[in-house]
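Here is a short briefing to read alongside the coordinates. Have the viewer ready, and we can go through the charged pairs, a sheet and a few single residues together.

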Amino acid sequence: MINYNGKLLPASSDFLNHENRGLRYGDSLFETLRVVDGKIIFWEDHYLRLMASMRILRMIIPMEFTMEFLHEQIAMTVQANAYSGASRVRFTVFRSNGGLYLPETNEISYCIECSVLDSPFYSFTEGPYEIELFKDFYVHNDLTSTLKTNNRIINVVGSIYAEENGYQNCLLLNTDKMVTEALNGNIFMVKDQIISTPLLEDGCLNGIIRKKVIQILQKIEGFTLKERSISPFDLQKADELFITNSIVGVRPVLKYRKKEYKSEVGMTMLGKLNAMTRLS
């Protein structure tokens, strides 16, 4: 079952048509959420990011779009699918039909869909995890790149490139040839006791788990956090790399070209993130 504007419909329903602005123009935003036993992990952060992004894109936020209302809609969708334990939820908002580049209205519609996750906890999956740079296309280092929009063609083509070449992920570069993020999350680099992550100004996604890991690192003695530009040359000097997103939490990178990495800090972050979720 999916939730379309508050109505539960079979997943096979033809509830969208060719005029959908998300399809036509990528005029859409989405949040990927982790729901465990009815609890939306870091829900306030996701909600505030969605509201801020809608304002930036000049969408009209409906009066009923409170944290409580949207939480109820998400919970209703998960329950309708009879999912218990952990679920992955995609909450998509798109401007309503009408118009060309200039929309006829700034009012919105929304869709909620969900699927089952294997574990209620963020966990480490054994096996190889090798990355490479994706250099066919570049991320623009501006505000729109930090938003969770449906304009993800670079991520799609990059994912195909990774699969064709036997990589588990790729890192994206901006137009200044600086590292911005992974195909599916933010990137952190560990060198000695300094942990670095790209600046939002460099065009990386304003990720929720990025924010949470930064909060964790600011409270740990012995590490210094730096938000800074990271060049591809920095990657070869790093002791560790790890990727963060709302579904996997923290994923240590094990290899980049001839460089092999440790995973101690990444695993520590994974454990502390799991602890943080229990308090959220």
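A search of the whole structure, which is a predicted model, turns up eight salt bridges. Among them is the pair of aspartate 45 and lysine 212, whose side chains meet at 2.8 Å, N to O. Aspartate 45 sits in helix 2 (residues 43–56) and lysine 212 in helix 5 (residues 208–217), so this pair ties together parts that are 167 residues apart in sequence. Both aspartate 45 and lysine 212 are buried.

**Other salt bridges**

- Arginine 257 and glutamate 132 also meet through their side chains, at 2.9 Å from N to O.
- That pair links distant parts of the chain, 125 residues apart: arginine 257 is in the loop between strand 15 (255–256) and strand 16 (259–260), while glutamate 132 is in strand 7.
- The two partners can be told apart by burial: arginine 257 is partly exposed, at 36% relative accessibility, whereas glutamate 132 is buried, with a relative accessible area of 9%.
- Glutamate 227 forms a salt bridge with arginine 210, and their closest N and O atoms are 2.7 Å apart.
- Here the link runs between strand 12, which holds glutamate 227, and helix 5, which holds arginine 210; the two residues are 17 residues apart.
- Glutamate 227 is partly exposed, with a relative accessible area of 39%, and arginine 210 is buried at 4% relative accessibility.
- Arg21, Asp27 and Arg95 are joined into one network by salt bridges that share partners.

**A five-stranded sheet**

- Five strands make up an open sheet with mixed pairing, in the order 12-11-10-13-14.
- Why is one side of strand 12 and of strand 14 left without a neighbour in the sheet? Strand 12 (224–227) and strand 14 (249–253) stand at the edges and each has a single partner strand, so one side of each stays unpaired within the sheet.
- Neighbouring strands of this sheet are turned by 25° against each other on average, direction ignored.
- Strand 11 (residues 194–197) pairs with strand 12 in the parallel sense, over four bridges.
- Within that pairing, threonine 197 stands opposite glutamate 227 in strand 12.
- Helix 7 (residues 264–279) packs on the sheet, where it touches strand 10 (186–191), strand 11, strand 13 (240–245) and strand 14.
- The direction of helix 7 makes about 170° with that of strand 14.

**Serine 145**

- Look for serine 145 in the loop between strand 7 (130–139) and helix 4 (153–164).
- Is serine 145 buried or exposed? Its relative accessibility is 14%, so serine 145 counts as buried.
- The side chain of serine 145 reaches the backbone oxygen of histidine 140 at 2.4 Å.
- Leaving aside neighbours within four places in sequence, serine 145 is in contact with Val139, His140, Gly203, Cys204 and Leu205.

**Cysteines**

- How many disulfides are there? The count comes to zero.
- Cysteine 111 is in no disulfide, and the nearest cysteine sulfur, that of cysteine 114, is 10 Å away.
- Cysteine 111 is buried, at 7% relative accessibility.
- For cysteine 170, the closest cysteine sulfur belongs to cysteine 204 and lies 18 Å away, which is too far for a bond.
- Cysteine 170 is buried too, with 0% relative accessibility.

Note on methods:
Residues are numbered from 1 along each chain as its sequence is written. This is a predicted model: local features need pLDDT of at least 70, side-chain atom pairs count only at pLDDT 80 or more; totals for chains, interfaces and linings use all residues. Side-chain values use heavy atoms; hydrogens and water are left out. Two strands pair if DSSP finds at least two bridges between them. Axes are lines fitted to C-alpha atoms, for helices over the stretch in contact, and angles run from 0 to 180 degrees between N-to-C directions. Contact means heavy atoms within 4.5 Å. Buried means under 20% relative accessible area, exposed over 50%, partly exposed in between (1.4 Å probe, protein chains only). A polar contact is a pair of N or O atoms within 3.5 Å; within protein, one must be able to donate a hydrogen and the other to accept it, and residues adjacent in sequence count only if both atoms are side-chain atoms. A disulfide is a pair of cysteine sulfur atoms within 2.5 Å. A salt bridge is a side-chain nitrogen of Lys or Arg within 4 Å of a carboxyl oxygen of Asp or Glu.
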